[in-house]
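Here is a friendly walk through one protein model. Have a look at the sequence and the structure first, and then read on.

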Amino acid sequence: MNYYKMKAFGVSVLVKPVYKTKTDGGLEIPESEYKNPANVHKGTVISVGDGNYLNNKLEMNLEEGDTVFYRGSVGIPYKFEEDGFKILQITDVLAKEVTNE
């Protein structure tokens with residue numbers, strides 16, 4: 001559920017980045033590493049646009065709550081109520097985490 005009262009439009013995807021600050025063994029990961037734009041980043045989808053683009057309807061294949069992966073160099077950073085977000089285009093999303101249910 002979108003608690004932030006924000007809605008993506010068109011082919012945009014609003015993502016809340018998830019930064020891993022420690023390894024599984026408990027070692028600290030430097031901020032320069034987990035915020036490096038050259039790395040692949042992980043985030044949680046907050047809102048997905050309706051897929052309308054130049055009178056065409058694109059299939060968005062994402063839902064609120066999905067975990068996605070994207071290049072750190074893409075998207076527009078946005079801060080809202082002390083939380084950081086990225087506004088991405090659907091083509092910026094590289095992959096979606098899938099669970100076997």
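What follows goes from the whole chain to its sheet, then to a pocket and one residue.

This is a predicted model, so local features need pLDDT of at least 70 and side-chain atom pairs count only at pLDDT 80 or more, while totals for chains, interfaces and linings use all residues. Residues are numbered from 1 along each chain as its sequence is written, and side-chain values use heavy atoms, with hydrogens and water left out.

**The whole chain**

Let's start with the parts list: the protein has one helix and eight strands. Helices (H or I, at least four residues) and strands (E, at least two) are DSSP runs, numbered from the N terminus. Read from the N terminus, the order is β-α-β-β-β-β-β-β-β. Taken along the principal axes, the C-alpha atoms fill a box of roughly 50 × 35 × 25 Å. Of the 101 residues, 34% are buried, where buried means under 20% relative accessible area, exposed over 50%, and partly exposed in between (1.4 Å probe, protein chains only). Contacts (heavy atoms within 4.5 Å) often link distant parts of the sequence: among those with a separation of 6 or more, 65% are between residues 24 or more positions apart.

**The sheet**

Six strands make an open sheet in the order E6-E7-E1-E2-E5-E8, with antiparallel pairing. Two strands pair if DSSP finds at least two bridges between them. At the edges stand E6 (76-80) and E8 (93-96); each has a single partner strand, so one side of each is left without a neighbour in the sheet. On average, neighbouring strands here are turned by 40 degrees against each other, direction ignored; the axes behind this are lines fitted to C-alpha atoms (for helices over the stretch in contact), and angles run from 0 to 180 degrees between N-to-C directions.

E7 covers residues 83-89 and is joined to E6 by five bridges. E6 and E7 form a hairpin with two residues between them, and Glu81 in the turn has a positive phi of about 50 degrees. E7 is also joined to E1 (residues 12-18), by four antiparallel bridges. Here are some of the bridge partners:

| Residue | Bridge partner in E7 |
|---|---|
| Phe80 | Asp83 |
| Tyr78 | Phe85 |
| Val13 | Leu88 |

**The largest pocket**

How big is the volume of the largest pocket? The answer is about 190 Å³. A pocket is found on a 1 Å grid over the protein atoms alone, as an open set of points where a 1.4 Å probe fits, with protein on both sides within 12 Å along at least five of seven lines; lining residues have an atom within 4 Å of a point. The volume is the space filled by probe spheres set on the points, which are joined across faces, edges and corners.

The lining includes Val18, Tyr19, Lys20, Tyr34 and His41. Helix H1 (31-34) and strand E2 (40-48) are the elements that give two or more residues to this lining, and E2 gives the most, with three.

**One residue up close**

Ala95 sits in strand E8. Is Ala95 buried or exposed? Neither: Ala95 counts as partly exposed because its relative accessibility is 35%. Leaving aside neighbours within four places in sequence, Ala95 touches Thr67, Val68 and Phe69. Thr67 is 28 residues away along the chain, with 8.7 Å between its C-alpha atom and that of Ala95.
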